[in-house]
Protein chains: 2
Amino acid sequence: MTTARRVVIEALATQGGHPTAEDLSATIAQHHPGIHRATVYRTLETLTEMGVVAHVHLGHGAAAYHLLGSPQDVAHLHALCHQCGRVFDLPGSLMDEVAERVREEIGFELEASHHALSGLCRACTSTTVP
Amino acid sequence: MTTARRVVIEALATQGGHPTAEDLSATIAQHHPGIHRATVYRTLETLTEMGVVAHVHLGHGAAAYHLLGSPQDVAHLHALCHQCGRVFDLPGSLMDEVAERVREEIGFELEASHHALSGLCRACTSTTVP
DNA sequence: TTAAATGCAAAGAATTTGCATAACA
DNA sequence: TGTTATGCAAATTCTTTGCATTTAA
């Protein structure tokens, strides 16, 4: 447990929303200028392997990191509106049946929370009417 | 309809698998060295706006492009194994119920095929047993 | 002809890597 | 003390942009 790791975990615990590696890197830079971006990336990778954090792929590959097992973690899925970019939380059980079906059919073990779903949120749906 | 667009569409029709913009760019470079990478990217964007092609976000942000309405397009979803990286096709209707539920609950219009699902494929599940 | 598309080169972002140094156990 | 992690800078990879030129309609 090094300083950098403590700081990264702290940032994950503190920062709300769905911070990307770059977001975290930026936040950390403010309070701990000494900690290099590369270290943040490497630390996130290490912590992921250790099972302490996980990430969700939102749009365009910007993965959002979060602590595992934290109070606010309570397994949930994400839906990304590709119009306004907002992220909506969905119940973690939403895909249970789908996962079950995929498991039976092709033996694929779904990790539903690892990729966001996407589409249009209510607000953008109404705006988009041509 | 310009040369570049014809070539991009041709590449999409020809190239199997789930080519990324970079993949397409590379393929095209072999047969049509004149066509610049930037043009491929721009063309893909344009064709997307025109509704001719679409892309799926697989892992790490590398979007896979495909022609819309092509015979082999028949609406389907993708599941990405994050161990071996292979992409599996799933029936397009798989998420219908989920979409319905999300629509009712938060008014979110899901586009299930726009992001891949992810998890472990059968082969990797068995290999991973520690 | 005239607007739109292209090629080029260069700029950008996000992320990774090699290596010497520093910190942890 | 001997790894392992870090800081740094530079390299990569993927993608976008400005602008002059070409092309299609």
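Buried means a relative accessible area under 20%, exposed means over 50%, and partly exposed is whatever falls in between (1.4 Å probe, protein chains only). By that yardstick Arg103(B) is partly exposed, at 36% relative accessibility. The model is a predicted one, so local features need pLDDT of at least 70 and side-chain atom pairs count only at pLDDT 80 or more, while totals for chains, interfaces and linings use all residues. Residues are numbered from 1 along each chain as its sequence is written, chains are lettered from A and ligands numbered from 1 in the order in which they are written, and side-chain values use heavy atoms, with hydrogens and water left out.

Arg103(B) has a partner in Glu100(B): the two form a salt bridge (a side-chain nitrogen of Lys or Arg within 4 Å of a carboxyl oxygen of Asp or Glu), with the closest N and O atoms 2.6 Å apart. Both sit in helix α4 (residues 96-106) of chain B, and because they are three residues apart there, about one helical turn separates them. Helices here are DSSP runs (H or I, at least four residues), numbered from the N terminus. Glu100(B) is partly exposed too, at 34%.

Chain A has a pair of its own, Arg103(A) and Glu100(A), whose side chains meet in a salt bridge at 2.6 Å, N to O. These two are also three residues apart, in helix α4 of chain A, so about one helical turn lies between them. Arg103(A) additionally bridges to Glu109(A), at 2.9 Å between the closest N and O atoms. That ties Glu100(A), Arg103(A) and Glu109(A) into a network of salt bridges. In terms of accessibility, Arg103(A) comes in at 35%, Glu100(A) at 34% and Glu109(A) at 28%. Over all chains, the count is four salt bridges.

How do the two protein chains relate? Chain B can be laid on chain A with an RMSD of 0.2 Å, by a turn of 179° and a shift of 0.0 Å along the axis, the copies being superposed by least squares on the C-alpha atoms of residues with pLDDT of at least 70 in both. This is the relation of a two-fold axis. Both copies use the same surface, as 100% of the contact residues of chain B (contact being heavy atoms within 4.5 Å) recur in chain A.

Turning to the DNA, 17 residues surround strand C, with Tyr41(A), Thr2(B), Ala4(B), Arg5(B) and Thr39(B) coming nearest; a residue is near a strand if one of its heavy atoms lies within 4 Å of it. Sugar or phosphate supplies 67% of the strand C atoms within 4 Å of the protein, and bases the rest. Phosphate oxygens of strand C lie 2.9 Å from a side-chain N or O atom of Arg5(B) and 3.3 Å from a backbone N or O atom of Gly34(B).

Around DNA strand D there are 18 residues, and Thr2(A), Ala4(A), Arg5(A), Thr39(A) and Tyr41(B) come nearest. Here 68% of the strand D atoms within 4 Å of the protein belong to sugar or phosphate. A phosphate oxygen of strand D is 2.6 Å from a side-chain N or O atom of Tyr41(B), and a polar side-chain atom of Arg5(A) lies 3.0 Å from a phosphate oxygen of strand D.

Definitions and conventions:
A polar contact is a pair of N or O atoms within 3.5 Å; within protein, one must be able to donate a hydrogen and the other to accept it, and residues adjacent in sequence count only if both atoms are side-chain atoms.
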